[in-house]
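Let's take a friendly walk through this model, with an eye on charged side chains and how they pair. Have a look at the structure first, and then we can go through the details together.

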Amino acid sequence: MFDALSFVCESYWHPGALPGRELLHKKMVAAGFEGPEVEAALGFLDGAAISWALMPTEVRGMRVLTPVEIEALESDALALWGQIVQSGLLDAVQREWVLESIVLRTDDPVDAEALRVLIHLAFWVSGRFAENDLWEFVVSEPTACVQ
């Protein structure tokens, strides 16, 4: 599913540029993704739009991961998450959206690569993109953050 979501983000500049669900399904299948993976990605995108609309516009205070959130992240993703949060790459709303997506929309623990996709989606859904080199570092260096 995460590869299919990555394909969508790379193919369409923002959610408003997405074609209808049926055409998007066809394009994903044509790109080599299989039916269940496509359906999971489309379902995730549907939920992403709804949950983003329901997110508060401002979040304040210190944030500590809950035990459920910790269990939902593999060790490489936990290390990457710590670096992402410490860097300030995500704003508080994007951070909460990513954590909600991890806990509510994934059955298996999320690894660092899947976390990168979710972070990319947070920027994509919000229409706000990182304005520094750290974003490129996170997206393009699969092992640079976690060693």
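By the distance rule used here, the count comes to four salt bridges. The model is a predicted one, and side-chain atom pairs count only at pLDDT 80 or more. As background, side chains of opposite charge can pair when their charged atoms come close. Here are three of the pairs, including their closest N to O distances.

| Pair | Closest N to O distance |
|---|---|
| Glu39 and Arg21 | 3.5 Å |
| Arg95 and Glu96 | 3.1 Å |
| Glu113 and Arg116 | 3.1 Å |

Which parts of the chain does the pair of Glu39 and Arg21 tie together? Glu39 forms a salt bridge with Arg21. Glu39 sits in helix 3 (residues 35–54) and Arg21 in helix 2 (residues 21–30), so this pair links parts that are 18 residues apart in sequence. Glu39 has 40% relative accessibility and therefore counts as partly exposed. Arg21, at 39%, is partly exposed too.

Next comes the pair within one helix. Glu113 and Arg116 both belong to helix 7 (residues 112–126), where they are three residues apart, about one turn of the helix. Is each partner buried or partly exposed? Glu113 counts as partly exposed, because its relative accessibility is 41%. Arg116 has a relative accessibility of 4%, so it counts as buried; the cut-off for buried is under 20%.

The side chains of Arg95 and Glu96 also meet in a salt bridge. Where the Glu39 and Arg21 pair has two partly exposed partners, Arg95 and Glu96 are both buried.

Now let's step back to the whole chain. How many helices and strands does the protein chain have? The tally is eight helices and zero strands, and from the N terminus on the elements read α-α-α-α-α-α-α-α. The protein chain has 147 residues, and 39% of them count as buried; Arg95, Glu96 and Arg116 are among the buried residues.

What share of the contacts with a separation of 6 or more comes from residues 24 or more positions apart? In the protein chain, that share is 71%. As for the outside, the accessible surface of the protein chain comes to about 8,000 Å². Carbon and sulfur atoms hold 54% of that surface.

Key:
Residues numbered from 1 in each chain as written. Predicted model: local features only at pLDDT ≥ 70, side-chain atom pairs only at ≥ 80, totals over all residues. Heavy atoms only, no water. Helix = DSSP H or I, 4+ residues; strand = E, 2+ residues; numbered from the N terminus. Buried < 20%, exposed > 50% of the residue type's maximum accessible area, 1.4 Å probe, protein only. Contact = heavy atoms within 4.5 Å. Areas by Shrake-Rupley, 256 points an atom, 1.4 Å probe, with all protein chains shown as cover.
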